[in-house]
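Reader: I have some time to go through this one with you before I set anything up. Could you put the structure on screen so that we can talk it through?

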Amino acid sequence: MNIAVVGTGYVGLVTGTCFSEMGIQVTCIDVDKRKIQDLRSGIIPIYEPGLEDLVKKNYQAGRLQFSTDLTECIDEVEVIFSAVGTPPEEDGSADLHYVLDVAHTIGKNITNYVLVVTKSTVPVGTAQKVKAAIQEELDKRGVNVPFDVASNPEFLKEGTAVKDFMGPDRVVVGIESEKAKDLMDRLYRPFTLNHYRMIYTDIPSAEMIKYAANAMLATRISFMNDMANLCDLVGADVNMVRRGIGSDSRIGNKFLYPGCGYGGSCFPKDVKALIQTAAQQGYEMRVLQAVEAVNDKQKSILFEKLVKVFQAQGGGASGTESLLKGKTIALWGLAFKPDTDDMREAPSLVLIDLLLKAGCNIRVYDPVAMDECRRRVGDAVKYSRDMYDAALDVDALLLLTEWKEFRLPSWNVLKKTMNNYIILDGRNIYDKKEMKENGFIYECI
């Protein structure tokens, strides 16, 4: 079976590579010539555990090819996945011009039946726009080439994307024909042999499922962050509350961990897009508006706690700028979550901006996101060799990303290197009692 995947970003590259691992002939397409040349040379544009080895293996085996031109393979493929970017517009709605560009290219060039599958996260109604764009080009050519459209939203978690694709808990497919269903069955059968869970829906429902899933997860996170802030005020322990409600089978324990805000390529963008989709229909998504507002505020929570700590140490109620000016602050973790170098919408970016405006010196360390941080903030911060180098002569240490190597540091080493024994834990991975016994001023969410 031959397929093409247009777009070699996070979703497209994982999708194409994992399909090739199952013996499917895959051509990944991208207009970025440098990226395609790098991929042919085994250079991967993203950090994702296990992906680099699979790309090299399947490229060398000839099952995975890379090209800048969809027309080179369009006559040989049965399925074309569109996995191009859908960046947010200024109003939060999804920018579909890349998706529609792919559709127009397909319509201008197909000569045989093809199934066009939207893999990108797109608002309800996009598949019909894709269908109309393809048909428009066919009409201009005066030809009648059969084709189908389908929606196959991705549910990949950064850091475990390869595992998620190779052993999905569900595969959602929106279709309009039995032929499309048969093709998607053939494609996904190798992945679902032991856990066959193909969910077929109409296309609008499939498009909505992706947004609804991410919106629900974002809602749980913001709910717990709101609860954590209330617990802080009334003297309750949010970790005990989390365990108490998570044991309720109706609620479950997933995504109930409070923290310093969610980020990444999906949750912030998808929540905004869903709010905007509703607004276009004259409907107000009030719950999601609150989810977004809570998350935006939560990204500054560690900064607010830092100010309070220094005030309690004798800084009084003076302005933030004079209180923090000249202080050296260490940040452990820059990526929005572990096992990725993705800093899109990361809390670290908000915190860096706030600390710089307050006149702080900032030392940072992340196991994989240092280059991405350099690209985003340049020389505004000091880049450290390792976690202990970051803590050298600092007045406070703030943990933002729960990388495994941060979970059990040497408190004795930190006490020898830090100027001030202050640790603010944005992910609640340390034990309050242990921190107090080791002589640290400790604040968490």
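Reader: Which residues does Thr340 touch, not counting residues up to four places away in sequence?

Author: Bearing in mind that this is a predicted model, Thr340 touches Tyr47, Glu158, Ala335, Val368 and Trp403 once residues up to four places away in sequence are set aside.

Reader: And where does Thr340 sit, and is Thr340 buried or exposed?

Author: Thr340 belongs to the loop that connects strand 9 with helix 14. Its relative accessibility is 1%, and because buried means under 20%, Thr340 counts as buried. Gly264 is 76 residues away from Thr340 along the chain, and the two C-alpha atoms are separated by 9.7 Å.

Reader: What does helix 14 lie across?

Author: Helix 14, residues 347–357, lies across strand 9, strand 10 (361–365) and strand 12, and the helix runs at about 175° to strand 9. Lys357 is part of this helix, and with 61% relative accessibility it counts as exposed. Between the C-alpha atoms of Lys357 and Thr277 there are 35 Å in space, for 80 residues in sequence.

Reader: Back to the strands, then: in what order do they form the sheet?

Author: The open sheet has six strands in the order 11-10-9-12-13-14, with parallel pairing. Strand 11 (382–383) and strand 14 (441–444) are at the edges with a single partner strand each, so one side of each has no neighbour in the sheet.

Reader: How many bridges join strand 9 to strand 12?

Author: Four bridges join strand 9, residues 328–332, to strand 12, residues 396–399, and these two strands run parallel. Leu331 has Leu398 as its bridge partner in strand 12.

Reader: Which residues does Leu331 touch, leaving out those up to four places away in sequence?

Author: With that exclusion, Leu331 touches Leu351, Ile352, Leu355, Ile362, Arg363, Val364, Tyr365, Leu398 and Leu400. Leu331 also appears in the largest nonpolar core, which has 60 residues, and Leu331 and Ile423 are the ones with the most contacts inside that core. Helix 12, residues 301–315, gives the most to this core, with seven residues.

Reader: What about a second core, and which residues does it include?

Author: There is a second, separate core of 41 residues, and Leu138, Ile203, Val271 and Leu288 are among its members.

Reader: Changing topic to empty space, how much of it lies in the second largest pocket, and which residues lie nearest its centre?

Author: The second largest pocket holds about 330 Å³ of space. Its lining is made of 14 residues, and Asp232, Ile301, Glu304, Lys305 and Lys308 lie nearest the centre. Two or more lining residues come from each of helix 8 (203–234), helix 11 (286–298) and helix 12, and helix 12 gives the most, with six residues.

Reader: And how many cavities of 30 Å³ or more are there?

Author: The count is three cavities of 30 Å³ or more, and the largest cavity has a volume of about 50 Å³.

Reader: Which residues line the largest cavity?

Author: The lining of the largest cavity consists of Tyr262, Phe267, Pro268, Val271, Lys272, Glu292, Asn295, Asp296, Lys299 and Glu345. Helix 10, residues 267–280, and helix 11 each supply at least two of the lining residues, and the largest share, four residues, comes from helix 10. Val271, one of the residues lining that cavity, is also included in the second core.

Note on methods:
Residues numbered from 1 in each chain as written. Predicted model: local features only at pLDDT ≥ 70, side-chain atom pairs only at ≥ 80, totals over all residues. Heavy atoms only, no water. Pairing = 2+ DSSP bridges. Contact = heavy atoms within 4.5 Å. Axes fitted to C-alpha atoms, helices over the stretch in contact; angles between N-to-C directions. Core = buried A, V, L, I, M, F, W, Y, C linked by side-chain atoms within 4.5 Å. Buried < 20%, exposed > 50% of the residue type's maximum accessible area, 1.4 Å probe, protein only. 1 Å grid on protein atoms, 1.4 Å probe; cavity = no way out; pocket = protein on both sides within 12 Å on 5 of 7 lines; lining within 4 Å. Points joined across faces, edges and corners; volume = space filled by probe spheres on them.
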